[in-house]
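Biologist: Please take me closely through a single part of this model, with the cut-offs stated as you go.

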2 protein chains.
Amino acid sequence: MTQKAQAPKKRSNLRDVAKAAGVSVATVSRVLNEPGVVKKDTLEKVQKAIAELRFVPSAAARAINSGRTRFVGALIPTLDNAIFARFLAALERKLSDDGLSLVVATTDSDPDIEAAKAKGLVDIGAEGLIITGASHSPEFYELIERTMMPTIITSYFDNSNPLPTIGYDNEAAAKLALRHLIELGHRRIAVVHGPIHNNDRTQARLSGLHSLSWEGELTTFETEISLRGGADAAARIESNSSKPDAILCLSDVVALGVLFGLQSKGVSIPEDVSLMGLDDLPSSAVAVPSLTTVHLPVSRMGERAAIALARWISAQERPQPERLEAKLIERSSTIRNAVLNE
Amino acid sequence: MTQKAQAPKKRSNLRDVAKAAGVSVATVSRVLNEPGVVKKDTLEKVQKAIAELRFVPSAAARAINSGRTRFVGALIPTLDNAIFARFLAALERKLSDDGLSLVVATTDSDPDIEAAKAKGLVDIGAEGLIITGASHSPEFYELIERTMMPTIITSYFDNSNPLPTIGYDNEAAAKLALRHLIELGHRRIAVVHGPIHNNDRTQARLSGLHSLSWEGELTTFETEISLRGGADAAARIESNSSKPDAILCLSDVVALGVLFGLQSKGVSIPEDVSLMGLDDLPSSAVAVPSLTTVHLPVSRMGERAAIALARWISAQERPQPERLEAKLIERSSTIRNAVLNE
DNA sequence: TTGACATATGTAACTAGTTTCATCAACCTT
DNA sequence: AAGGTTGATGAAACTAGTTACATATGTCAA
């Protein structure tokens, strides 16, 4: 009600300040950008005017001249999986070092949403994009091509992709995990994975598994990528008549969920069944039992992507693809198959 | 090397398109913004020119006219704690509905970093800010005041704060938790909390605990807010000569860490000691035993903050503070104190 | 056939900064 | 004292769009 009696005077601009200080707009601009070249008392006069008029330079007007908006966009499937949060954290940190801000958009793994949000990011002036995975909609590619937007693909590696990829080899990572279980003597392995639809990373991991030839069998279970999803899968596995020697989850969150699910049913890990994840979340090291997994270098991936994108934008250097190595992390949730050893 | 032989021709602009299509700039602008009013063959002519010249309108030039950049900034302590990731996810989702993008900046709970990043967000043209908690640096407040930036504080509620707050009452939430433990008959309670330095939410929760008068004692343990931090605290609590009846962790991540830490030492929960968290992460419901906690409505907080900020920006309606209720969630990690009952 | 009106388009002035070039005074040199 | 250099400032052009206003057709009714 007594909500400020002042006139709703609009924001003041450079010209207002120049007039108030009795100088030219050029001088005000200099005060803002190279105060060193302005005589001391002129400087003070102008700064006084700036303060009095509460002048705040318009970012848009600056951007129109410099052609730089100083921010990039990241399109990620979801923030609800800690793995993307970790990636974003590293990305934001490094971009910030280069004076770039990060606009985050989530796509829910839907290529249409991705295309729409990418359009939105371009519309508000993003100077570059970070995206996830291999498959995207035609509209998306059309947009990237038309705008010549510097765009880096993460979370998977492919030398031959026309866009630079910075990521790991999902097939190889999954194989690494499976090989470990095979070496431990496991022969009947349950594989728990997230939705295949629209998720090329999951697809690649699965095809990695199937490409391995060995004497044993895989049974696959699809579930939601969440703790709850893992717990559900555990219930399904348990209710099955034939019990696996080992369970391989293609995400750590799911593995943790399976761990909880089995624990609540009184199944001991790794005594009754070996359990393995893939990602290496911080939780996995602390869980009881600690989770054997394959480490995906997502923080490093974030850093590398940030550096590459910043260079691409500021120096027009198109980045080289970068393959980051996944690494087996042996912890306590997997042991040698006892039956086989007898 | 054979990197495109084409001339490095700069981006084409409205004038170029107008010239190529043989029309005025106004017509091109109309084609972009109200295609309906342009005659069909003119429209096609212009669209052809746009396509040929690969014309992409400059976001900055648009922004300079509309005065709108269509994005807001969020300053959060960290992305490594799932609670903020959840908050951000909700925030981004709702902002996106209003055509606003979200720029994320992390502060590491450092007021100076926060002030610097806030400055950066304003510099790139953010139309509003979402910040976390009560305490901020003088430079930060000076910036908000000078730029009259619409700014909403989240993660805590305070009617009397000059900036609108949308959040919960941290003192009350902590009291809710403690009261539950007291009602269960626990008298010696270990409290595990995150760093107090620069963290007003933790401070408020602690002061809530200390404001309760009851016949029993609190022992506090400070640790890092992470699973590892919780596990460490568990070790410290265990090595203490006097064992608590219950452990109250002021964050769920920490509680989960404590859970794992105790499990690995063979301590049974809740039989040997009751354990309680505060936050209500998805993990807490799935953990074994499932974690009694106090639910903080962070998703709802994100939505409400998004709606309020969008309205503030587009309709100059300064939001009313909103208090969101924390709620006790009883699960299996707490039971009645057996000793007391004998 | 002329006036009234709608439709389509163009001209030029705006938005808010940066930047180039010119100007002028002050100082230094010879 | 004339000429050269430096320092500080201003005028105006420039960035890339939007938009108010003017103008040129075309259609229809009187």
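Which atom of DNA strand D lies 2.9 Å from a polar side-chain atom of B:Asn33, and what else belongs to the surface around the DNA?

Modeller: The atom of DNA strand D that lies 2.9 Å from a polar side-chain atom of B:Asn33 is a phosphate oxygen. Before going further, note that this is a predicted model, in which local features need pLDDT of at least 70, side-chain atom pairs count only at pLDDT 80 or more, and totals for chains, interfaces and linings use all residues. Residues are numbered from 1 along each chain as its sequence is written, chains are lettered from A and ligands numbered from 1 in written order, and side-chain values rest on heavy atoms, with hydrogens and water left out.

Around DNA strand D there are 27 residues, of which A:Thr27, A:Arg30, A:Thr42, B:Arg15 and B:Ser29 come nearest; a residue is near a strand if one of its heavy atoms lies within 4 Å of it. Of the DNA strand D atoms within 4 Å of the protein, 57% belong to sugar or phosphate, the rest being base atoms. Chain B supplies several polar contacts to the phosphates (a pair of N or O atoms within 3.5 Å): besides B:Asn33 at 2.9 Å, an N or O atom in the side chain of B:Ser29 is 2.6 Å from a phosphate oxygen, and a polar side-chain atom of B:Arg62 lies 3.1 Å from one. At least two residues each of this surface come from α2 (25–33) and α4 of chain A, and from α1 (14–21), α2 (25–33) and α4 (59–66) of chain B, helices here being DSSP runs of H or I with at least four residues, numbered from the N terminus. By class the surface near DNA strand D holds twelve nonpolar, ten polar and five charged residues, where Ala, Val, Leu, Ile, Met, Phe, Trp, Tyr, Cys and Pro count as nonpolar, Asp, Glu, Lys and Arg as charged, and the others, Gly among them, as polar.

Turning to DNA strand C, 28 residues surround it, and A:Arg15, A:Ser29, B:Thr27, B:Arg30 and B:Thr42 come nearest. Sugar and phosphate make up 55% of the DNA strand C atoms that come within 4 Å of the protein. Backbone atoms take part here: a polar backbone atom of A:Leu14 is 2.7 Å from a phosphate oxygen of DNA strand C, and a backbone N or O atom of B:Ser24 lies 2.8 Å from a phosphate oxygen of that strand. A base is reached as well, with an N or O atom in the side chain of B:Asn65 lying 3.3 Å from a base oxygen of DNA strand C. Two or more residues of the surface near DNA strand C are given by each of α1 (14–21), α2 and α4 of chain A, together with α2 and α4 of chain B. That surface has twelve nonpolar, ten polar and six charged residues.

The two protein chains that share this DNA surface also touch one another. Their contact (heavy atoms within 4.5 Å) takes 47 residues from chain A and 46 residues from chain B. Across this interface there are ten residue pairs in polar contact, both at pLDDT 80 or more. Among the elements that supply at least two residues each to the side of chain A touching chain B is α4 (59–66), and α4 of chain A also supplies at least two residues of the surface near DNA strand D.

Notes
A polar contact is a pair of N or O atoms within 3.5 Å; within protein, one must be able to donate a hydrogen and the other to accept it, and residues adjacent in sequence count only if both atoms are side-chain atoms.
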